[in-house]
Amino acid sequence: MSSNDAERRLVSGMRPTGRLHIGHYHGALKNWVKLQHEFQCWFFVADLHALTTHYDDSADIEQHTFDTVVDWLAAGLSPSAATIFVQSKVPEHCELHLILSMVTPLGWLERVPSYKDQQTRLKNRDLSTYGFLGYPLLQAADILMYRGGNVPVGEDQVAHVELTREIARRFNHIYGREPQFEELAERAIDKMGKKAARLYRTARKEYLEQGDMDSLERAKALLGEQQNLSIGDRERLFGYLEGGGRIILPEAKALLTETSKVPGLDGEKMSKSYGNAIGMREEPSVVEKKIKTMMTDPARVRRNDPGDPDKCPVFALHQVYSDEETKTWAANGCRTAGIGCIDCKGPVIDAVCAEQATFIDRAKQFEENPDLVRSILIEGSEAARDEAKLTLDDVKAAVGISYR
Ligand code: TRP
Ligand code: SF4
């Protein structure tokens with residue numbers, strides 16, 4: 001497969017958290033719906049990832065997976081445009097995860113920011129498991145499985161995609177080498193002179209065994225300074241540090257496209273667990289009630305007090321839902337105390353309800369006939385499996401365990 005193919009492919013997943021809210025829609029899903037026509041897409045529910053943090057609370061995973069997928073379909077994802085599936089229905093993810101785990105330095109996983117963050121934040125969960133440490137590696141397997149070059153994710157996931165790239169590079173380096181590559185590289189090291197050769201070997205070892213990035217940089221700088229290396233040998237030694245052989249698993253990159261942040265009802269990040277979310281499919285009366293009681297600029301206590309739209313989460317909703325004219329009306333009305341907050345909220349309520357009407361309408365047939373969703377997932381998972389098997393065949397052949 002050429003890197004060109006990887007460029008056209010895209011992989012992304014979501015953990016099954018149950019019904020989605022409009023923050024999921026504007027922050028990710030809406031973008032997926034657009035991307036499904038621009039790339040060859042694999043979208044899956046990461047149910048095994050849910051187990052890494054909630055292994056003791058797994059009873060609802062299936063229901064949550066179902067609800068998540070209904071909301072994907074409600075948003076406009078289409079099984080005829082994208083492959084939609086469930087991670088655990090493609091057991092090859094586990095196999096690739098295991099094989100990759102063999103080449104993953106512990107330090108690389110311990111250094112991923114979310115590892116320590118989550119352990120501090122989710123104090124009430126047991127996160128000192130092997131599975132949780134491997135969370136980003138399982139994600140790497142998800143991505144590399146479909147040899148996707150693009151991964152649309154939020155800022156918080158960028159470190160995981162970077163790790164994925166490092167793993168791919170290391171795998172290709174170890175298993176994609178040309179015959180004799182090692183011998184030629186070793187001979188090139190000897191040409192550097194005793195001291196430089198020793199420094200290079202130590203730095204390379206530190207990088208490969210502990211994933212130490214400073215060592216990698218040191219080794220690269222050292223190669224840059226060498227006067228008596230041929231261009232070929234220099235290239236070889238750069239490759240010897242990081243790869244340079246055959247590419248079995250292409251490197252992926254995070255696709256950070258423009259998405260909108262929808263604040264929660266209290267102005268904090270929208271999240272079901274904070275109780276500040278507006279679902280994608282709620283009764284209009286519920287939407288109305290939630291927005292009517294939504295927080296506004298705290299400085300605007302009385303109707304006559306002017307407010308500051310930039311300090312108001314309702315205005316952030318205008319930014320997502322309103323046209324220019326409405327936004328100007330709201331901002332000016334707020335600053336001059338020309339309108340009250342209830343007036344200001346009116347167009348937002350209408351726009352959110354109108355959007356939800358489409359979602360509710362699309363979801364109806366799936367709610368009424370859950371077998372429809374089941375068959376989408378069965379078909380999608382089979383298609384994903386076919387692709388996954390191709391990758392694993394290559395991976396196993398490269399490792400030397402294909403028994404053909
Ligand atoms: N970790 C991602 C999240 O929490 C979910 C995920 C799992 C994912 N596997 C993936 C995202 C592969 C992109 C690609 O949002
Ligand atoms: Fe917020 Fe609108 Fe009230 Fe201003 S008028 S504080 S923007 S709700």
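**Figure 1. Residues surrounding ligand 2 in the predicted model.** Ligand 2 is enclosed by Thr296, Asp297, Arg300, Cys312, Val314, Phe315, Cys334, Cys341 and Cys344, a residue being included if one of its heavy atoms lies within 4 Å of the ligand. Two or more residues of this shell come from each of α16 (313-321) and α18 (341-368); helices are DSSP runs (H or I, at least four residues) and strands likewise (E, at least two), numbered from the N terminus. The shell comprises six nonpolar, one polar and two charged residues, with Ala, Val, Leu, Ile, Met, Phe, Trp, Tyr, Cys and Pro taken as nonpolar, Asp, Glu, Lys and Arg as charged, and the others, Gly among them, as polar.

**Figure 2. Residues surrounding ligand 1.** Arg15, Tyr135, Gln139, Asp142 and Gln157 come nearest among the 13 residues around ligand 1. The helix α9 (135-145) and the strand β1 (9-14) each supply at least two shell residues, and α9 gives the most, with four. Six nonpolar, five polar and two charged residues make up the shell around ligand 1.

**Figure 3. Polar side-chain atoms facing nitrogen atoms of ligand 1.** The polar contacts shown are pairs of N or O atoms within 3.5 Å. A polar side-chain atom of Asp142 lies 2.7 Å from a ligand nitrogen; the corresponding distances are 2.9 Å for Gln157 and 3.0 Å for Gln139. Of the 360 Å² of accessible area that ligand 1 has on its own, the protein covers 92% (Shrake-Rupley method, 1.4 Å probe).

**Numbering and criteria.** Residues are numbered from 1 along each chain as its sequence is written, with chains lettered from A and ligands numbered from 1 in the order in which they are written. In this predicted model, local features need pLDDT of at least 70 and side-chain atom pairs pLDDT 80 or more, whereas totals for chains, interfaces and linings use all residues; side-chain values use heavy atoms, leaving out hydrogens and water.

Note on methods. Polar contact = N/O pair within 3.5 Å; in protein donor to acceptor, adjacent residues only side chain to side chain.
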